[in-house]
Amino acid sequence: MSDSFATLDTLNFDNSYARFPEHFYHRVGAEPLPGAHLISFNPEVARLLDLDPCQINPSQLAHYFGGEGVLPGSESIAMKYTGHQFGYYNPDLGDGRGLLLGEVVNQQGERWDLHLKGAGKTRYSRFGDGRAVLRSSIREYLVSEAMQGLGIPTTRALCLVGSEQMVMRNGMEPCAAVLRVTPCHIRFGHFQYFYYSKQHDDLRVLADYCIERYYPEVADAENPYLAMFQQICDRSAYMVALWQAYGFVHGVLNTDNMSILCETFDYGPYSFMDQYRPDYISNQNDETGRYAFRQQPDIVQWNLTALAEALLPLVDQEDLKDTLRQFAPKFVAYRNQRFAARLGWQSKHPDDAGLIEALLDLFTEHKVDFNRFLRSLCDYDGSIEERERLLPFVSNTDALTDWLEQYDQRLTLEAASTPIRRQQMRSVNPKYLLRNYMAEEAIREAHQGNYVLVNQLLRVLRHPGDEHPDMEQYAGEPPLWAGAINLTCSS
């Protein structure tokens, strides 16, 4: 970046989506939040937009992203889409409480959508009030940076704005707004809307737009639409593989919550598991366990099948099926690749997959806090003392001892020295995760007007593998009350 920074008043907008015909969206302005005030600001995201973090005016952020002012050059719209929710198609979806304010082009030519979540009612709000509450806004704001810190594809956020307005959710709760920043807000559900409404010419227009903006490398393929779908399948396999490698449970994996850029999108009742439990459900509204942790790879593939159906006017059915068949092996390969890195392996060997599966079986049987275990494994050197330090993670120490003996043998096949291996492992094994109890503590303090913990956690989660001595209490075992936290779709 050059020394020439933009300001909020001089952002370089080029609102390409707003140039589509108006049945693609609904033009509507944000409803001002009473008593809007800045809770937190993310300097890393500011730099993506050519903003100088040191020159940002907090009251200006609250003014624009509390809905009182209109950013010069922005054109706020609510996007129309549909989608499958818990397996059932719903034609009445769209941005019901969020607005795409516009698209900022930075000095590197990168395009960044600015999307205000909690901006008020639109024609797609149905029976909702168009607001987001502080509780869910803090959770989305923090987790987007936590995922970025872990290297998991994700949307991000520039700032979090609070308000004096109260709405009914779990009792009366204060409102807030998050300014989400990502290159793309187009969902699987956008394609489903045009497919199910039989607007196939518009479907092609949308597909051409996505290729030009997000997948230009496939433009010269024999069938660019198929090539784009192949890219989406591959990226989706990578994304969910990383979820499974870190114990992340999305909670609401509807097709309208799937980005065509394959970023983790629309955070609701998510969780990082405190214990490795394949049947774990993060969303108490998910009564059948459709979106349980172990189900996520299959559900992502199901959602890709729904996207494939929407592309039938553009792509041969058998080609789509062939692409979908490649999803499962790609997912396994990506997941094992990340577990190999977490275990300190830089080379590949035939028995690696079996050793990974054996470890996952151990995690499952003993409900291991596996992220803490793998962080502890970074310092393992094969000594009796180090082995005994790991044994308390399980109830059956013989099983872990047997696995560690195999792990010791596997490490002898690595060329890297122990210090290099440890450094590499620490880079992918976080000391800090955004566990539910941490978010809950930040929310409770924020409800009392204290935003210190929100900002402390943002700093720590941005670099989760580093040492943060002032936050050491969040690197240990979760408190007993953490298991009683219940999450729902309410936001």
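**Exercise 1. Which residues is Arg 290 in contact with, leaving aside its neighbours within four places in sequence?**

Before the solution, two remarks on the basis of the work. This is a predicted model, in which local features need pLDDT of at least 70 and side-chain atom pairs count only at pLDDT 80 or more, while totals for chains, interfaces and linings use all residues. Residues are numbered from 1 along each chain as its sequence is written, and side-chain values use heavy atoms, with hydrogens and water left out.

Step 1. Locate the residue: Arg 290 sits in the loop between β12 (271–272) and α7 (296–310), where helices (H or I, at least four residues) and strands (E, at least two) are DSSP runs numbered from the N terminus.

Step 2. Apply the contact rule, which asks for heavy atoms within 4.5 Å. Once neighbours within four places in sequence are left aside, the partners of Arg 290 are Phe 86, Gly 87, Gln 295, Ile 299 and Trp 302.

Step 3. Look for charge partners. A salt bridge is a side-chain nitrogen of Lys or Arg within 4 Å of a carboxyl oxygen of Asp or Glu; Lys and Arg count as positive and Asp and Glu as negative, while His and the chain ends are not counted. Arg 290 is buried yet has no salt bridge, and the nearest side chain of opposite charge, that of Asp 286, is 6.9 Å away. Here buried means under 20% relative accessible area, exposed over 50%, and partly exposed in between (1.4 Å probe, protein chains only).

Step 4. Look for polar contacts (a pair of N or O atoms within 3.5 Å; within protein, one must be able to donate a hydrogen and the other to accept it, and residues adjacent in sequence count only if both atoms are side-chain atoms). The side chain of Arg 290 makes such a contact with the side chain of Tyr 291, at 3.2 Å.

**Exercise 2. Describe the largest nonpolar core and the surroundings of Tyr 17.**

Step 1. Recall that a nonpolar core is a set of buried Ala, Val, Leu, Ile, Met, Phe, Trp, Tyr and Cys residues joined through side-chain atoms within 4.5 Å.

Step 2. The largest nonpolar core has 134 residues, and those with the most contacts inside it are Tyr 17, Ile 186, Phe 191 and Leu 377. Helix α6 (residues 224–246) gives the largest share of this core, namely 15 residues. Another core, of 34 residues, lies apart from it and has Leu 33, Phe 41, Leu 114 and Val 167 among its members.

Step 3. Beyond its neighbours within four places in sequence, Tyr 17 is in contact with residues including Phe 24, Tyr 25, Ile 186 and Tyr 209. Tyr 17 also belongs to an aromatic cluster together with Phe 20, Phe 24, Tyr 25, Tyr 193, Phe 194, Tyr 209 and Tyr 214.

**Exercise 3. Classify two aromatic pairs by their geometry.**

Step 1. Rings of Phe, Tyr and Trp (its six-membered ring) pair if their centres lie within 6.5 Å; planes under 30 degrees apart count as stacked, over 60 as edge-to-face and the rest as tilted. By this rule the count comes to 29 aromatic pairs.

Step 2. Phe 24 and Phe 194 have centres 4.6 Å apart and planes at 50 degrees, and their pair is tilted. Phe 24 lies in the segment before β1 (25–27) and Phe 194 in helix α4 (residues 188–196), so the pair ties together parts that are 170 residues apart in sequence. Both Phe 24 and Phe 194 are buried.

Step 3. For Trp 403 and Tyr 407 the centres are 5.1 Å apart and the planes lie at 15 degrees, so this pair is stacked. The two residues are four residues apart in helix α13 (residues 397–411), and therefore about one helical turn separates Trp 403 from Tyr 407. Trp 403 is buried because its relative accessible area is 2%, and Tyr 407 is buried because its relative accessibility is 0%.

**Exercise 4. Trace the salt bridges of Glu 145.**

Step 1. The salt-bridge rule gives a count of 35.

Step 2. Arg 156 forms a salt bridge with Glu 145, with the closest N and O atoms 2.6 Å apart. Arg 156 lies in strand β9 (residues 156–169) and Glu 145 in helix α3 (residues 134–150), 11 residues apart.

Step 3. Glu 145 also meets Arg 462 in a salt bridge of 3.3 Å, N to O. Since Arg 462 belongs to helix α16 (residues 452–462), this pair links parts of the chain 317 residues apart.

Step 4. Arg 156 and Glu 145 are both buried, and Arg 462 is buried as well.
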